[in-house]
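Here is a short briefing on charged side-chain pairs, written to be read alongside the coordinates. Please keep the sequence and the structure open while going through the points.

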Amino acid sequence: MKVHHVDCGTMCPVSARLVNGRGGWFEPATMVCHCLIVEAGDGLILVDTGLGTADVEDPRRRLGGAFKVATRPKLLREQTALAHVERLGFRRQDVRHIVPTHLDLDHVGGLSDFPDASVHVFEPELRAATERATLQERSRYRPAQLAHGPKWVPHAIEGDSWMGFDRVQVLGDDVALVPVVGHTRGHCAVAVRDGHGWLLHAGDAYFFHGEVDPVSPRSTPGLAFFQRLVAMDDVARRANQVRLRELVRDHGTDVRVFSAHDPVELQAFA
Ligand SMILES: [Zn+2]
């Protein structure tokens with residue numbers, strides 16, 4: 001399958017030094033929304049959708065004021081998944097399936113641009129986003145982004161395995177949902193097989209490329225703090241980062257692992 005790596009929403013929080021680990025303390029940082037557009041046999045599959053056209057047009061209602069202030073998104077229509085799909089010569093109807101890593105607002109903004117697509121999600125994540133049981137979940141899951149009624153396809157763990165992880169195979173042999181919870185209750189990585197081997201989109205299971213370095217794992221102060229702050233289960237999140245490091249150590253040549261917001265990882269696929 002041919003896979004395109006795209007940024008569906010650059011964010012520029014302060015500060016480059018704290019977030020990216022280099023640059024000035026007061027210089028804007030760069031965070032991306034690394035999404036995949038997969039050319040499958042019978043249409044397109046999206047992995048994550050970043051920010052969508054409605055977010056760009058009405059950010060206060062769709063995203064809320066706090067997110068906008070904290071992350072300072074660029075909000076460019078040309079960065080939406082729909083714009084990328086059209087730039088590649090496809091139409092919105094060609095997107096048949098969407099596999100979000102989780103349902104946080106910076107991952108599902110594009111869903112409403114593809115209302116006819118089936119949206120595959122790990123069942124505990126859909127429940128969390130529907131119930132919004134805690135204060136934090138009320139701010140991270142935005143009903144306005146889901147008001148169009150996505151065609152949900154909930155998946156449960158089936159006890160299958162992928163590279164030592166439990167998995168749910170959602171779309172034939174070449175795409176798998178790989179639960180790595182902690183950031184949210186039902187957070188998943190998404191494995192996709194392209195012409196070179198496996199890709200593993202780890203979503204927000206980690207934020208900085210150094211965190212999955214099997215030799216000298218490291219984060220940045222800003223991202224380490226932020227991840228602890230927003231984790232629904234920080235013990236599980238840390239345990240899953242260990243598993244991802246082991247995956248890179250043991251299968252680093254067959255599986256290319258990357259996260260949702262690291263610009264260095266996205267650049268490596270350019
Ligand atoms: Zn995110």
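What follows describes salt bridges in a predicted model, taken pair by pair.

The count of salt bridges comes to 13. Among them are a pair whose two residues both lie in helix 7 and a pair that links strand 10 with strand 12.

**Within a helix**
- R127 and E123 form a salt bridge with an N to O distance of 2.6 Å, and both residues belong to helix 7, which covers residues 123-131.
- The two positions are four residues apart, about one turn of the helix.
- R127 is partly exposed at 41% relative accessible area, and E123 is likewise partly exposed, at 30%.

**Between strands**
- D194 meets R256 in a salt bridge, with 3.0 Å from N to O; because D194 sits in strand 10 (residues 188-194) and R256 in strand 12 (residues 255-258), the pair ties together parts that are 62 residues apart in sequence.
- D194 counts as buried, since its relative accessibility of 12% falls under the 20% cut-off, whereas R256, at 28%, counts as partly exposed.

**A network with shared partners**
- D234, R237 and R238 are joined into one network by salt bridges that share partners.

**A further pair**
- E86 and R77 form a salt bridge in which the closest N and O atoms are 3.8 Å apart, a distance that lies within the 4 Å limit of the rule.
- E86 is partly exposed at 40% relative accessibility, and R77 is partly exposed at 37%.

Definitions and conventions:
Residues numbered from 1 in each chain as written. Predicted model: local features only at pLDDT ≥ 70, side-chain atom pairs only at ≥ 80, totals over all residues. Heavy atoms only, no water. Salt bridge = Lys/Arg side-chain N within 4 Å of Asp/Glu carboxyl O. Buried < 20%, exposed > 50% of the residue type's maximum accessible area, 1.4 Å probe, protein only.
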